[in-house]
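User: I am new to this model. Please take a close look at one pocket, then carry on to a strand for comparison.

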Amino acid sequence: MQEDNGSNVKKFELPGSKAHYAPSLSFTISHMQLSIEPDFKSKTISCEQQLEVIAIQSIDEIILDICELHIKSVSSVDIDVAIAAHDSDSNNHIKELNFRNYGDKLIIKLDRMLSEGSIFRIAILYSAKPRKGFYFIEPDEYYPKKNLQAWTQGQTIESKYWFPCLDHPLVKFESEISVIVPLKFIAISNGKLLMSKAQRVEGISKKRNEEEKKKVFTWTEPNPHPAYLTSVVIGKFVERRETYNQDIELLCYVPEGKKNNAERSFEHTADMIRFFEEYFDTKYPYSKYSQVTVEDFMYGGMENSSCTTLTIDTLHDKKAHPDYTSDHLVSHELAHQWFGDLVTCRDWQHIWLNEGFATYCEALYWEASRGIDEFQYYMTQTADDYFDEANVRYKRPIVTKIYKQPDDLFDRHTYEKAVCIIHMLRNYIGDKYFKRSLKTYLQRYANSVAETDDLRKILELESGTSLQQFFDQWLFRAGHPELKIEFSVESKIVKLKIVQSQEGDAFEFPLDIKLVFSTFNRKNGEERGEEEIRTFNISEKENVLQIPIDKKKGKEIEWFSIDPQFKVLKTMSLKAPKEMLVRQLQNGRTVIERVQSARALKDHSSEDIIESLQKAVMEDRFWGVSVEAAKTLGSIKSDSAYMALKRCLCSSIKHSKVRRAIVRAVGEFKKEDSFDLFKSILIHKDQSYFVEAEAATAIGKIKNRQSIHILKKAIETASFQDIVAQGAISGLKEFVDDKEIAALLIKKSMYGNNHRVREAATFALGKFVHENHKVFNHLKNLLTDRWFRVRINACRAFADAEEPRAIAELEWVAEHDLDYRVTRIAEECINFIKESMKAPKEVISIREEVDKLKTNTMEMMQKMNRLERELR
Ligand SMILES: [Zn+2]
């Protein structure tokens, strides 16, 4: 079953991919004591570690994962408590042990053979100047305002850069971590704060002592956690503290001066804990929950056990709040405390058990706090994000052990597709059994590890439903149903032809069809609407469904919808009489139904359709439907569609997400006529940064040189996440022949500008690369930039330019970059350029196809940028 979409799977499995299995263990680690003293000047750490080790087999050596650690000594402490009970001499015995480094392994020779079940301690003294895993952040002449901080990031396999461990999710241990920091700092780690006390330095003057005094923070976590969820964060923070249920401390740490923004980001944390505890019927597993925002963080957030680390970019001002919420990120990391931390995936191939569930929990909290409309639109967008990856990058089974680096798996299959599959599962077995299964799963595997089949067995046990086919089809097989649906009514029969057009075998699933009838009562002249939902089992590639209508009762079919609750992940192209689609748009009860019709109407362009879409933009009760209607109008390239959108733009629509969609759709027409509208938004400022950003991109597309000075001004606008500047850069990149703009973008991409501005400018430079040698050389330099997202965007800029001259440089990146996300993108970009070279450019019609594909790819690349950043 895994064979279909084979070529697609290969695109995921880059050369060098192989099968990965969980390791065999001859011993395990049960407890780690770690004392760590960072030196901010030399960016080094000095550490003392004690590991409590349990022999699973008889052993005389142990092998630990390390990377670039300088091991000074290894000794046994209190060796073999089990034996010690019979041998008083070995009590508290400290003995130097022989060790050697071999690649990324530390091999420790024990001084005797230890029998199965023996427990012993080893102490390791070491230092490191970590290039990964442990990061020092400091101000410099380019970024003088940056806060001095240090933080760790273990996932996936980077903890071995700062402590010896078994760097695999399978091995979970208790911890006690002490961090010695200058007095002005605090240090946050896993678990409860055991103590924090100042340390006097002996033998120096009182004054110097005040300057050099240090403080020790000791944190202890009695719940076992894997190496990758071990965390230390050091810095100057203000603390926000509350107590949940009288016994769990909720702590937030943000840089000084950001306290008000912290309120906006973290105000719902307690409410979220309450919601999850109730939904899972399982208490929050740890004694505290801390959230700390740090500088230069590479992800949205990281769910370290009881102490989440978050990007500082989630803090936002009042103006950004209607467009942006931290709730998704905060609820995601919090949900991980159960799904990922309390129960950890047994191996990276099962990472969807962490990420799919944490992301679905975001949606569950969203549903509980914002209602069903928001939830359904969230699911629609989630599915769209997965379809983008499936269309442009690859399709792969969600569970796969074949990959190059575990980081490869952190894509939209693990997150977005898995969310859709979990939602299907919830609908397939019903809410009651779904919730019950989650509870059983969390309790059975608490403080342990689980794999995909463990979850399946519990779901089967709790619901009585056989789920092997479901799991085979949706988790172990690539792709999804791609449905082509034709609707017709022939005398008294509704006919639906449903074709599964995807490559390979048919999927099998139940599909709900909703039919809405009007019944005319001749006696009293009343007309009533009546609806009926029928569920059909779809199992063939071609299916014809026939539904007789009881016309004796004066029934007429008014409209219909497919899968009105979104119970099945699928793409759909729908052919139906336009009147029915319009009625669906106007009367659909669920957001899913109305979005479905708004999208299906893209193939129609008559005046009445334009009018209905305009009405949906202006009047639908849910903003997401308005957004979809605006998008459809944008894709109907007629004058009247344009006029309708302009009317929407000039109306009094308040919702900023709808206004954004309208501005973008108007921008698609690239009409000189809309120049003043966009200009006015940019000059007079909008209530929303995002609308301004959209206007900046749109005005650029008109290619009127008068917009250049407006865009140059917009680049300098301070906004949340520099969103306006990013929009302006995207607008400026339309002026590909302008050397001055190329020079400006080079300047904006340089070290010293804000990250997001640099990234946007770097990507935009791809448009200028062909005719401009300076740009080419500059992009080449950016391939080795300090900030990894600039490196990623430099790769993408070359791909966007289909620049064969860059292949050798990209190959160097693919082989040498330290960051696996960068090496992966470099490889994909090389493949993209090579493929574009093969395209028969002389054939215009094919060329157009290629261009279309390329536009999709580039839009996808830009969107990916956004999503990758949100990886959480
Ligand atoms: Zn996550």
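Analyst: One term comes up front. Helices (H or I, at least four residues) and strands (E, at least two) are DSSP runs, numbered from the N terminus. The model itself is predicted.

Start with the second largest pocket. Its volume is about 1,100 Å³. The lining counts 38 residues, and the closest to the centre are Arg131, Tyr135, Phe136, Arg786 and Arg791. Which elements build this lining? Strand E10 (134–137) and helices H24 (755–764), H26 (788–800), H27 (807–816) and H28 (820–838) each supply at least two residues. E10 gives the most, with four residues. By chemistry, the lining splits into 17 charged, 16 nonpolar and five polar residues.

Now turn to strand E19, residues 288–294. Seven of its seven residues are buried, so the strand is largely enclosed by the rest of the structure. Buried here means under 20% relative accessible area. In a regular strand the side chains alternate between the two faces of the sheet. Both faces of E19 are covered. Lys288, Ser290, Val292 and Val294 are buried on one side. Tyr289, Gln291 and Thr293 are buried on the other.

What pairs with E19? Strand E18 (residues 248–254) runs parallel to E19, joined by five bridges. There, Tyr253 stands opposite Val292 of E19. Strand E21 (residues 307–311) is also parallel to E19, again through five bridges. In E21, Thr311 is the bridge partner of Val294.

Key. Residues numbered from 1 in each chain as written. Predicted model: local features only at pLDDT ≥ 70, side-chain atom pairs only at ≥ 80, totals over all residues. Heavy atoms only, no water. 1 Å grid on protein atoms, 1.4 Å probe; cavity = no way out; pocket = protein on both sides within 12 Å on 5 of 7 lines; lining within 4 Å. Points joined across faces, edges and corners; volume = space filled by probe spheres on them. Nonpolar A, V, L, I, M, F, W, Y, C, P; charged D, E, K, R; others polar. Buried < 20%, exposed > 50% of the residue type's maximum accessible area, 1.4 Å probe, protein only. Pairing = 2+ DSSP bridges.
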